[in-house]
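The following paragraphs lead through a protein and its ligand, beginning with one helix and moving outward. The reader is invited to keep the sequence and the coordinates in view.

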Amino acid sequence: MSTLDGRELILGVTGSIAAYKAVYLLRELTRAGARVSVCLSEHAREFVGPLTFRTLSGRPVLSDLFDPQSDAAVEHVALAERAHAVIVAPATANLLGKAAAGIADDFLTTLLLAARCPVVMAPAMDGGMWEHPAVVANVATLRGRGVTVLEPDAGALASGLSARGRLPEADVIVEALLTALTVRRDLDGQRVVVTAGPTREPIDPVRYISNRSSGRMGYALAAAAARRGALVTLVSGPTTLMPPTAATFVPVQTAEQMREAVLRHAAGSAVVIKAAAVADYRVRNAADQKIKGKRDLTLDLTPNADILAEVAARDTGAFIVGFAAETNDVVANARAKLEAKGIDLLVANDVSRRDIGFDAEENEVLLLDRWGGSRALPRMAKTAVADAILDEIQALRAAHPVRKAVR
Ligand code: PMT
């Protein structure tokens with residue numbers, strides 16, 4: 001645990017019966033050499049008094065953003081800037097919801113918005129809550145933004161129920177913290193363009209052609225690249241996701257707008273990753289007014305420009321990564337796509353499956369590179385797939401530094 005030596009940590013504690021376990025976690029963190037500031041939510045104070053945390057941390061406990069006796073309103077920014085990591089344990093369903101929505105109505109939630117360091121959340125809640133669609137969606141949003149949200153343990157809960165909702169053990173939380181702190185900064189200062197989501201091709205002012213892309217895969221890549229130090233531009237079609245705060249966000253609607261944004265930002269970039277599901281066709285003459293009537297209607301479709309092939313052909317020096325959404329003959333189709341588009345790495349996924357690919361939390365991909373290599377990754381959370389893809393990109397860039405010569 002020596003890697004915590006001298007680390008500045010913030011331990012946020014929210015209002016769950018498991019708040020008492022945060023005392024033990026605090027002791028573990030300080031024993032490992034970390035300097036810990038504890039931040040209690042108003043409800044956490046109902047479970048464990050601040051004196052215990054103050055005594056063990058040797059620091060004043062933070063909680064009231066609006067205390068006229070303190071500089072708390074300013075202090076949360078300074079504290080967030082100093083911190084190497086923020087841990088929230090226990091994190092209630094309420095805290096997860098507020099953090100996902102960007103609500104800042106107390107010291108801890110305000111500090112979470114100001115923090116640019118790794119954040120680890122260890123949830124604890126009553127039976128059934130962890131599975132509620134609202135909580136599931138909030139956890140997905142936070143993970144998509146790069147926050148480590150641990151799985152709660154299963155077992156007996158304070159309510160008497162037995163379910164998944166127990167605070168993970170302190171050693172599990174510490175392990176996750178160490179992982180979050182040892183994230184590689186191997187893209188430090190490098191420009192990375194990521195595309196995500198679907199495009200919308202108008203039929204008339206109220207209708208459009210689109211697809212099932214949620215944007216999760218691309219947003220996970222943007223968040224992972226930003227965590228690794230990259231200057232990320234995320235060019236995204238319409239999604240319901242919050243873009244990673246560290247990325248420059250370029251929202252677009254149509255394939256043509258995406259093309260313009262990608263070509264503009266690709267110049268000077270080290271890596272371009274096209275995870276977006278771009279519409280292959282647009283309506284040639286979209287109507288200016290809403291189309292009426294119940295007659296048969298034929299749409300005159302014309303192909304959109306192939307953005308990926310175009311950016312690769314420009315030979316800007318960027319490492320170019322494309323995705324292939326396939327429903328059959330995945331390997332053969334993906335290999336053909338890699339060659340046809342003239343790119344460096346292709347990430348193929350089988351979008352006929354419901355458990356991966358479009359609008360799923362997880363993905364299972366095959367990586368094919370222009371030098372003949374291939375690697376199948378197991379099914380994982382899209383956040384983990386994103387880091388594995390970046391690992392592959394970095395390995396290939398290191399192995400083929402003069403890759404333009406092989407074109
Ligand atoms: O968004 P999610 O719900 O998380 O789902 C993720 C995903 C399934 C969308 C993602 O993993 C994925 O497969 N993205 C690529 C989808 C796609 O459009 O595949 P394609 O095989 O049709 O296109 C091949 C490549 O060319 C892609 O990199 C695409 O961005 C690019 N392309 C396609 C058409 C076009 N006109 N211009 C392009 O640049």
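The buried residues of helix H5 pack against five elements: strand S3 (85–91), helix H6 (107–114), strand S4 (119–123), helix H7 (133–144) and strand S5 (148–149). The model is a predicted one. Helix H5 spans residues 93–101, and seven of its nine residues are buried, so the helix is largely enclosed by the rest of the structure. The buried residues are Ala93, Leu95, Leu96, Gly97, Lys98, Ala99 and Ala100; a lysine, Lys98, is thus listed together with alanine, leucine and glycine residues. After H5 comes Gly102, with a positive phi near 75°. One of the packing partners of H5, strand S3, contains Pro90. The peptide bond that leads from Ala89 into Pro90 is cis, and its omega is near -5°.

The chain as a whole gives the setting for this helix. Its secondary structure amounts to 13 helices and 21 strands. Of its 407 residues, 49% are buried. The radius of gyration is 24 Å, which agrees with the value near 22 Å that a compact globule of 407 residues would have. Along the principal axes, the C-alpha atoms occupy a box of roughly 70 × 60 × 40 Å. Among contacts with a separation of 6 or more, 66% are between residues 24 or more positions apart. The chain exposes about 18900 Å², of which carbon and sulfur atoms supply 52%.

The ligand is considered next. The shell around the ligand has 28 residues, and the closest are Ser213, Ser214, Lys337, Asn349 and Asp359. By class, the shell holds 13 nonpolar, seven polar and eight charged residues. Which elements each supply at least two residues of this shell? They are helix H9 (216–227), helix H11 (307–313), strand S16 (319–326) and helix H12 (330–341). Strand S16 gives the most, with four residues.

Several polar atoms of the protein lie beside the ligand. A polar side-chain atom of Ser213 is 2.6 Å from a ligand oxygen, and an N or O atom in the side chain of Lys382 is 2.7 Å from an oxygen atom of the ligand. Ala275 takes part through its backbone, where an N or O atom lies 2.9 Å from a ligand nitrogen. On its own the ligand has 770 Å² of accessible area, and the protein covers 96% of this.

Two loops beside elements of the shell hold aspartates with unusual backbone signs to examine. Asp315 lies in the loop between H11 and S16; although it is not a glycine, its phi is positive, about 55°. Because its relative accessibility is 41%, Asp315 counts as partly exposed. Asp329 lies in the loop between S16 and H12, and its phi, near 40°, is likewise positive in a residue other than glycine. With a relative accessible area of 53%, Asp329 is exposed.

Another loop, between strand S15 (301–303) and H11, contains Asn304. Is Asn304 buried or exposed? Its relative accessible area is 11%, and the cut-off for a buried residue is under 20%, so Asn304 is buried. A polar atom of its side chain lies 2.8 Å from the backbone oxygen of Ala279, and its side chain also makes a polar contact of 2.9 Å with the side chain of Arg282. Setting aside residues up to four places away in sequence, Asn304 touches Glu201, Ala255, Ala279, Asp280, Tyr281 and Arg282.

A final loop joins strand S17 (345–350) and strand S18 (362–363), and Arg353 lies within it. Arg353 counts as partly exposed because its relative accessibility is 27%. Apart from neighbours within four places in sequence, Arg353 is in contact with Glu364 and Arg379. The side chains of Arg353 and Glu364 are joined by a polar contact of 3.2 Å. In addition, Arg353 and Thr327 are 26 residues apart in sequence, with a C-alpha to C-alpha distance of 8.2 Å.

Key: Residues numbered from 1 in each chain as written. Predicted model: local features only at pLDDT ≥ 70, side-chain atom pairs only at ≥ 80, totals over all residues. Heavy atoms only, no water. Near = heavy atom within 4 Å. Polar contact = N/O pair within 3.5 Å; in protein donor to acceptor, adjacent residues only side chain to side chain. Areas by Shrake-Rupley, 256 points an atom, 1.4 Å probe, with all protein chains shown as cover. Nonpolar A, V, L, I, M, F, W, Y, C, P; charged D, E, K, R; others polar. Rg over C-alpha atoms; globule rule 2.2 N^0.38 Å. Buried < 20%, exposed > 50% of the residue type's maximum accessible area, 1.4 Å probe, protein only. Contact = heavy atoms within 4.5 Å.
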